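The following exercises are to be worked with the sequence and the coordinates at hand. Each task sentence is followed by a solution in steps.

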Amino acid sequence: MEFIDELKIFSLIEDKNHCSVELQREILYKSKEAKGLTLQESAALLNITDTVLLEEMYNTAKDVKEKIYGNRLVLFAPLYVTNLCVNNCMYCAFRRDNKELTRKSLTVDEVRNETEYLVGQGHKRVLLVCGEHPQKAKMSFIGECVSTIYNVNVNGGNIRRVNVNTAPMSVENFKTLKTFGIGTYQCFQETYHYNTYRQMHPDGPKSDYAWRLYAMDRALEAGIDDVGIGALFGLTDWKFETLALLSHAFNLDHRFGIGPHTMSVPRLEPAFNAPAAHKPPFAVNDSDFKKLIAVIRLAVPYTGIILSTRERAELRRELFAVGVSQISAGSRTSPGAYKESQESLREHEMEQFQLGDHRTLDEVVKDVCELGYMPSFCTACYRSDRTGDRFMEFAKSGTINLMCVPNAISTFQEYTNDFASEATKETAEAFIKSETEKLKGATKLKTEKMVKRVNNGEKDVFF
Ligand code: SAM
Ligand code: SF4
């Protein structure tokens, strides 16, 4: 655990030199190059309090994100397949001691139903989520769920990338997971602060801090080369958590030449019978939350920053502008809830935590367009072998946007033709047109050709 150096992190936070406005301004200037920051430089930016400098940091984070990925925002939805869990995380409604939670594991038919619902909304990316359970969430079950999701096809619409968020595995099991054809493997450390970790995870397999911390090393060793890390903000000091999360990213990049494909920043939400969720020990307010997202963007420019529907719509709008690049929409956090919520309100008896953004995918898409971001349903990279170090090469050099922008436009055109409501369609058509107009040379020609193919009825047009 040598790369999470608690003493060093706390000393960086407390170092008064890092509060110097001159130093902070210098670091901000450097960050415009989109080459990333050191831990020390990140600490100095987390300490910015000057309002003018803060605004400058937010604008720089937006510029850096757009330099790498363009103005696209990738959309996905989580799919919960079981809420059975042997762990006892103090913040989660799925915790073993929550005897009042209605437990459910989906059958293959139910996974298919859920997927059909999501495909029917227009989703192309799913994040499979489950509790940790040696019987109910074993490898064969996860494999069956992934292949069921990939096999659903509704009028040519399908899920083209399944990412998974599961408990850490052995190298052998990661090798098996890779054979399922997953996109990114995600696992959040929750808190990098050792003593807090022990308090929050009193028993069960998750109580092993180091097993979780080295999950990505094992995944990479097993050949899964798109990995997603994250911290659950609210469990300990937010500056500590941010710097520890960055330490993790730097360490993976240093050791494997592959940094995190994504970084997630969930904030603690209220959860049924979960003591730490109702009174987060270190609740992070909105402005600190915004600050830490901007610093992550500047420190790790190439990573995808994920913002979920845990956050309210108004705040999400504000956070898109400081470097977020992937968002969930139209989400539910209990197994079977997509179909179930059509029929009853039972989903709340089974959900993991409460959501802040309840809008449908169509509503989010329209809003995102109106804010000037291109909704993207792109799943091209891992199907074009742009994963791991190949992806990093494009992302670190900022050339990935030559692919992201046309792929975003063509997949958004497909969404618009197949799923958008009349109101969204009108906004989307105008936006696609004006954004394509802004492109130049070969990229513009390529995009126009791709859009034409989509409008002629072709599906899944990407490069
Ligand atoms: N059970 C596996 C695990 O814990 O790694 C995988 C899925 S778990 C359902 C997904 C994530 O939900 C956790 O890693 C945690 O960060 C987040 N989570 C749990 N309780 C939460 C809460 N009350 N508010 C916000 N996020 C929460
Ligand atoms: Fe189980 Fe994951 Fe919830 Fe912990 S966070 S109780 S491991 S589902």
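**Exercise 1: Burial and position of a threonine**

Task: Classify Thr 242 as buried or exposed, and locate it in the chain.

Solution. The model is a predicted one. Step 1: the relative accessibility of Thr 242 is 0%, and the limit for burial is under 20%, so the residue counts as buried. Step 2: Thr 242 belongs to helix 11, which spans residues 238-256. Step 3: a separation in sequence can be set beside one in space; Arg 103 is 139 residues apart from Thr 242 along the chain, and their C-alpha atoms are separated by 33 Å.

**Exercise 2: Burial and position of a cysteine**

Task: Repeat the analysis for Cys 369, and state how far its C-alpha atom is from that of Leu 73.

Solution. Step 1: Cys 369 is located in helix 16, residues 361-370. Step 2: with a relative accessible area of 5%, Cys 369 is buried. Step 3: Cys 369 and Leu 73 are 296 residues apart along the chain, while 9.7 Å separates their C-alpha atoms.

**Exercise 3: The surroundings of ligand 2**

Task: State which residues surround ligand 2, and how they divide by class.

Solution. Step 1: the residues around ligand 2 include Cys 85, Cys 89 and Cys 92, together with Tyr 91 and Phe 94. Step 2: Asn 87, Gly 131 and Gln 352 also belong to this shell, as do Arg 95 and Lys 206. Step 3: sorted by class, the shell has 5 nonpolar, 3 polar and 2 charged residues. Step 4: the space that ligand 2 takes is the largest cavity.

**Exercise 4: Aromatic pairs**

Task: Give the number of aromatic pairs, and classify the geometry of the rings of Tyr 80 and Phe 94.

Solution. Step 1: the count comes to 11 aromatic pairs. Step 2: the ring centres of Tyr 80 and Phe 94 are 5.9 Å apart and the planes stand at 85°; an angle over 60 degrees counts as edge-to-face, so this pair is edge-to-face. Step 3: the pair links distant parts of the chain, since Tyr 80 lies in strand 1 (residues 72-82) and Phe 94 in the loop between strand 1 and helix 5 (108-121), 14 residues apart. Step 4: Tyr 80 is buried at a relative accessible area of 5%, and Phe 94 is buried at 4%.

Step 5: the rings of Tyr 197 and Tyr 209 also form an edge-to-face pair, with 5.1 Å centre to centre and 85° between the planes. Tyr 197 is in helix 8 (residues 194-200) and Tyr 209 in helix 9 (residues 209-213), so that this pair, 12 residues apart, links distant parts of the chain. Both tyrosines, Tyr 197 and Tyr 209, are buried. Step 6: one aromatic cluster is formed by Phe 377, Phe 412, Tyr 415 and Phe 419.

**Exercise 5: Charges over rings**

Task: State over which rings the charged ends of Arg 218 and Arg 267 sit.

Solution. Step 1: Arg 218 has its charged end over the ring of Trp 211, 3.4 Å from the ring centre. Step 2: Arg 267 has its charged end over the ring of Phe 289, 4.3 Å from the ring centre.

**Exercise 6: Positive phi**

Task: Describe the backbone of Asp 385 and Asp 460.

Solution. Step 1: Asp 385 is not a glycine, yet its phi is positive, at about 65°. Asp 385 lies in the loop between helix 17 (380-383) and helix 18 (388-397). Step 2: Asp 460 likewise has a positive phi, near 55°. Asp 460 is placed in the segment after helix 21 (441-455) and is partly exposed, with a relative accessible area of 24%.

Notes. Residues numbered from 1 in each chain as written. Chains lettered and ligands numbered in written order. Predicted model: local features only at pLDDT ≥ 70, side-chain atom pairs only at ≥ 80, totals over all residues. Heavy atoms only, no water. Near = heavy atom within 4 Å. 1 Å grid on protein atoms, 1.4 Å probe; cavity = no way out; pocket = protein on both sides within 12 Å on 5 of 7 lines; lining within 4 Å. Sits in = over half its atoms within 2 Å of the grid points. Nonpolar A, V, L, I, M, F, W, Y, C, P; charged D, E, K, R; others polar. Phe/Tyr/Trp six-rings, centres within 6.5 Å; stacked < 30°, edge-to-face > 60°. Helix = DSSP H or I, 4+ residues; strand = E, 2+ residues; numbered from the N terminus. Buried < 20%, exposed > 50% of the residue type's maximum accessible area, 1.4 Å probe, protein only. Lys NZ or Arg CZ within 6 Å of the ring centre and 35° of its normal.
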